[in-house]
Amino acid sequence: MSFIQLEQVTKLFSGTQKPAVDAINLNIERGEIITLLGPSGCGKTTTLRMLAGFEQPSTGKITIGEQVVYDNSNAIPPEKRGIGMVFQDYALFPHLTIEKNVMFGLNKWKSKDRKARAREVLELVGLGDFAQRFPSEISGGQQQRVALARALAPRPHVVLMDEPFSNLDAGLREKMRYDVTNILRKANTTAIIVTHDQKDAFAVSDRVVVMKDGVIQQVASPREMYRCPKNCFVAQFVGKTNLLTGELDKDLKHVRTSIGKVCLPVALNEISDNIKVSIRPEGCQIVAAGAGNYSGHVERVTYSGEYQELYVNFQQNKTSEPMVIYAPIEENIEVGSVVSFNIKTDLVCVVE
Ligand code: ATP
């Protein structure tokens with residue numbers, strides 16, 4: 001049995017027609033870092049709040065550790081669920097020192113143990129020297145680590161974090177993704193993180209849960225989700241992709257699309273039309289002029305620093321959406337030129 005289980009959990013807010021969370025099932029293992037990822041309004045925060053006990057499901061069952069924290073006959077209050085919460089704005093008490101902020105989460109502990117534990121978790125998050133400062137005297141990233149220390153201090157079963165990186169600028173955000181993951185791993189804590197940012201999710205998680213309209217679309221490791229997205233929504237939400245539709249050849253391994261035949265990594269079981277394939281931009285490999293299986297006109301080139309992003313249109317089909325292809329920065333590619341490329345079969349994926 002998994003450490004945390006959500007079984008058929010639904011939330012229909014009163015006065016609304018459509019469930020905010022619709023019959024979701026999710027199993028989380030002890031020590032896992034899981035991210036709930038999806039666009040605004042997809043039900044991430046509601047799911048997190050139901051786990052915390054701030055919101056009650058309309059139906060379903062939630063188990064944390066040995067304890068059924070919610071089912072149709074029972075609702076354990078938030079303070080008895082063994083949960084540590086890190087809020088988006090950190091919610092530190094401005095009039096208390098960092099140490100006292102952390103000790104606040106330990107109000108049920110013996111007073112002689114509280115200070116020692118606060119010191120221990122402040123060391124863990126790398127803020128041992130900041131114990132006597134006030135929140136206004138430390139940086140945003142440090143405030144976030146204090147919030148995490150406060151959540152970890154009582155040794156919760158699980159830490160829940162709501163958009164933990166959204167208040168941080170780009171550089172600090174990257175550092176905090178690294179720091180937060182390290183701290184959670186060292187503390188050996190199970191964590192569930194809500195974010196709408198794919199980079200956050202991929203950087204910190206063992207598994208990512210993509211949600212849309214209250215429904216789980218896919219649960220997978222970042223690598224698996226990127227390489228084998230289940231449907232068009234996931235393919236487009238986690239990174240850039242090219243979606244092409246076509247008919248399957250008799251050999252069950254090639255799809256006839258507007259750019260030509262695309263080979264699938266594995267043959268399908270039966271003939272069908274309207275097959276959708278997702279091809280990642282890095283799945284297209286630029287080759288010498290005329291040497292590739294596909295060629296198209298370059299409409300636009302943008303530089304990311306690490307690669308060039310080419311928007312390529314096809315001679316046969318100039319009205320369709322251009323394909324996005326990544327090319328190495330050392331290639332000199334002009335707008336209006338024709339590029340020739342091949343598609344790496346293992347980066348092609350059939351999607352629903
Ligand atoms: P965001 O990233 O914008 O925070 P989210 O994915 O966390 O979005 P939720 O906050 O869980 O989404 O909201 C899911 C849906 O439930 C939305 O349509 C929202 O408007 C609705 N909703 C949330 N809270 C309530 C409420 N208290 N009463 C009615 N509807 C609500």
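In this predicted model, five strands come together in an open sheet, and reading across the sheet gives the order β2-β1-β4-β5-β6, with antiparallel pairing. The edge positions fall to β2 (21-28) and β6 (74-75); each has a single partner strand, so one side of each is left without a neighbour in the sheet. For β2, the pairing with strand β1 (residues 4-11) is antiparallel and runs over 5 bridges. A handy place to pick up this pairing on screen is V9, whose bridge partner in β2 is I24.

Stepping back to the whole chain, the protein has 352 residues, and 37% of them count as buried. Its secondary structure amounts to 8 helices and 21 strands, and the C-alpha trace spans about 75 × 50 × 35 Å along its principal axes. Among contacts between residues at least 6 apart in sequence, 64% link residues that are at least 24 apart.

The domain assignment divides the protein into domain 1 (4-235) and domain 2 (240-351). Taken over C-alpha atoms, the centres of domain 1 and domain 2 are separated by 39 Å. Where the domains meet, domain 1 contributes 7 residues to the contact and domain 2 contributes 6 residues. On the domain 1 side, the residues that touch domain 2 comprise 4 nonpolar, 1 polar and 2 charged.

Next comes the interior. In soluble globular proteins, nonpolar side chains tend to be buried together. Here the largest nonpolar core holds 68 residues, and those touching the most other members are V102, L148, A149, V159, L160, I192 and V209. Helix α4 (residues 140-152) supplies the largest share of this core, with 6 residues. I192 is a good residue to follow through the model: apart from neighbours within four places in sequence, I192 contacts I28, I34, L36, L48, L51, V158 and L160. A second core, separate from this one, has 21 residues, including L244, V312, M323 and F341.

Finally, there is the ligand. What residues are found around the ligand? The set consists of F13, T16, A20, G38, S40, G41, C42, G43, K44, T45, T46 and H196. Sorted by class, this shell has 8 polar residues, 3 nonpolar residues and 1 charged residue.

Terms used:
Residues are numbered from 1 along each chain as its sequence is written. This is a predicted model: local features need pLDDT of at least 70, side-chain atom pairs count only at pLDDT 80 or more; totals for chains, interfaces and linings use all residues. Two strands pair if DSSP finds at least two bridges between them. Helices (H or I, at least four residues) and strands (E, at least two) are DSSP runs, numbered from the N terminus. A residue is near a molecule or strand if its C-beta atom, placed from the backbone, lies within 6 Å of it. Ala, Val, Leu, Ile, Met, Phe, Trp, Tyr, Cys and Pro count as nonpolar, Asp, Glu, Lys and Arg as charged, and the others, Gly among them, as polar. A residue is buried if 20 or more other C-beta atoms lie within 10 Å of its own, exposed if 12 or fewer, and partly exposed in between; C-beta atoms are placed from the backbone. Two residues are in contact if their C-beta atoms, placed from the backbone, lie within 7 Å. A nonpolar core is a set of buried Ala, Val, Leu, Ile, Met, Phe, Trp, Tyr and Cys residues joined through C-beta atoms within 7 Å. Domain bounds come from an automatic or database domain assignment.
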